[in-house]
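User: Please take a close look at the side-chain pairings in this predicted model, above all the aromatic ones. I should like one connected account that places each partner in the fold and then sets the pairings beside the other local features.

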Amino acid sequence: MSNLAEKYANEPVWAVVGASNERYKYGNRIYRTIRGAGYKAYAVNNREAKVEGDPAYAKLSDLPEVPTVVDMVVPPDQAQSVVEEAKRVGAKAIWFQPGSEDHKAIRWAKENGLDVIQDCILVKHVQNPGGSR
C-alpha cells in the first residue's frame, strides 16, 4: 500500500461520490464496506434520496461535515467537477477508484494541494481490515 493510501485508509470521515442502491455496483459495495468498517461514510448521489437507508446528498457541499477523503466512483467525465468541489469544501484527499480516473482532474487536484490516491479501497480494506484503528 502506498504511503498516501496507508495514511488516508485510516481517516474516519469519507464521502463516497457515486454511492448507489444497486448492490452489484462498486459505489454500493464501497459504501457498505467503508460504513461497515466503522468509518463515518456519507453517500453522495444526486439521483437518490437514500442509499442503503442512509441519507444521500446531492453534492459534497450538502454534507453535514467535511470529509477528509472523497472516494470517487463516478465516470471520468464527472471527475473534474467533483475534484473542484472537494477542494472548495476542504477535503484533503481524492481516492480514485479504478475506472474513475481522469488525467486532467488528477493533475488539477495535485496542483491545488489535494492528495491523490489511485487504488481500489475494497482491496486495501481486505488487505488491512479496519486499518490500524
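Analyst: The account below begins with the aromatic rings, passes to the salt bridges, and ends with a buried strand residue, a loop residue and the main pocket.

The model is a predicted one, and the values given here are computed from its coordinates. A pair of aromatic rings is described by the distance of the centres and the angle of the planes. The structure contains 3 aromatic pairs. In one of them, the ring centres of Trp14 and Tyr39 are separated by 5.9 Å and the ring planes meet at 75 degrees, so this pair is classed as edge-to-face. Trp14 belongs to strand 1, whereas Tyr39 sits in the loop between helix 2 and strand 2 (40-44), so the contact ties together parts that are 25 residues apart in sequence. Trp14 is buried, with a relative accessible area of 0%. Tyr39 is also buried, with a relative accessible area of 9%; the limit for that class is under 20%.

Tyr42 and Tyr57 make up another edge-to-face pair, with 5.9 Å from centre to centre and 75 degrees between the planes. Because Tyr42 lies in strand 2 and Tyr57 in strand 4, this pair ties together parts that are 15 residues apart in sequence. Both Tyr42 and Tyr57 are buried. Beyond the individual pairs, Trp14, Tyr39 and Trp95 form one aromatic cluster.

The charged side chains supply a second set of pairings. The count of salt bridges comes to 4, and three examples can be described in detail: Arg35 with Asp54, Arg23 with Glu52, and Glu22 with Lys25.

Arg35 and Asp54 meet at 2.7 Å, N to O. This bridge links distant parts of the chain, with Arg35 in helix 2 and Asp54 in strand 4, 19 residues apart. Arg35 has a relative accessible area of 31% and is therefore partly exposed. Asp54 is likewise partly exposed, at 23%. Strand 4 thus carries Asp54, a salt-bridge partner of the helix, as well as Tyr57, an aromatic partner of strand 2.

Arg23 and Glu52 form a salt bridge with an N to O distance of 2.9 Å. Here too distant parts of the chain are linked: Arg23 is in the loop between strand 1 (13-17) and helix 2 (26-36), Glu52 is in the loop between strand 3 (50-51) and strand 4 (54-57), and their positions lie 29 residues apart in the numbering. Arg23 is partly exposed, with a relative accessible area of 47%. Glu52 has a further feature in its backbone, a positive phi of about 55 degrees, although the residue is not a glycine.

Glu22 and Lys25 are joined in a salt bridge at 3.8 Å, N to O, where the cut-off is 4 Å. Both ends are partly exposed: Glu22 has a relative accessible area of 34%, and Lys25 has 37%.

Strand 6 offers a view of a buried position. Ile94 lies in this strand, which spans residues 93-96, and is buried with a relative accessible area of 0%. Leaving aside neighbours within four places in sequence, Ile94 is in contact with Val70, Met72, Val83, Ala86, Leu114, Asp115, Val116 and Ile117. The C-alpha atoms of Ile94 and Ala79 are separated by 10.0 Å, and these two residues are 15 residues apart along the chain.

Asp62 provides a loop position to set beside Ile94. Asp62 is placed in the loop between strand 4 and strand 5 (69-72) and is partly exposed, with a relative accessible area of 37%. Asp62 and Val44 are 18 residues apart in sequence, and their C-alpha atoms are 9.0 Å apart in space.

The remaining feature is the largest pocket, whose volume is about 480 Å³. Its lining comprises 21 residues, of which Gly18, Asn46, Arg47, Val74 and Gln78 lie nearest the centre. Helix 3 (residues 76-89) gives the most to this lining, with 4 residues. By residue class, the lining divides into 8 nonpolar, 7 polar and 6 charged residues.

How values were computed: Residues numbered from 1 in each chain as written. Predicted model: local features only at pLDDT ≥ 70, side-chain atom pairs only at ≥ 80, totals over all residues. Heavy atoms only, no water. Salt bridge = Lys/Arg side-chain N within 4 Å of Asp/Glu carboxyl O. Buried < 20%, exposed > 50% of the residue type's maximum accessible area, 1.4 Å probe, protein only. Helix = DSSP H or I, 4+ residues; strand = E, 2+ residues; numbered from the N terminus. Contact = heavy atoms within 4.5 Å. Phe/Tyr/Trp six-rings, centres within 6.5 Å; stacked < 30°, edge-to-face > 60°. 1 Å grid on protein atoms, 1.4 Å probe; cavity = no way out; pocket = protein on both sides within 12 Å on 5 of 7 lines; lining within 4 Å. Points joined across faces, edges and corners; volume = space filled by probe spheres on them. Nonpolar A, V, L, I, M, F, W, Y, C, P; charged D, E, K, R; others polar.
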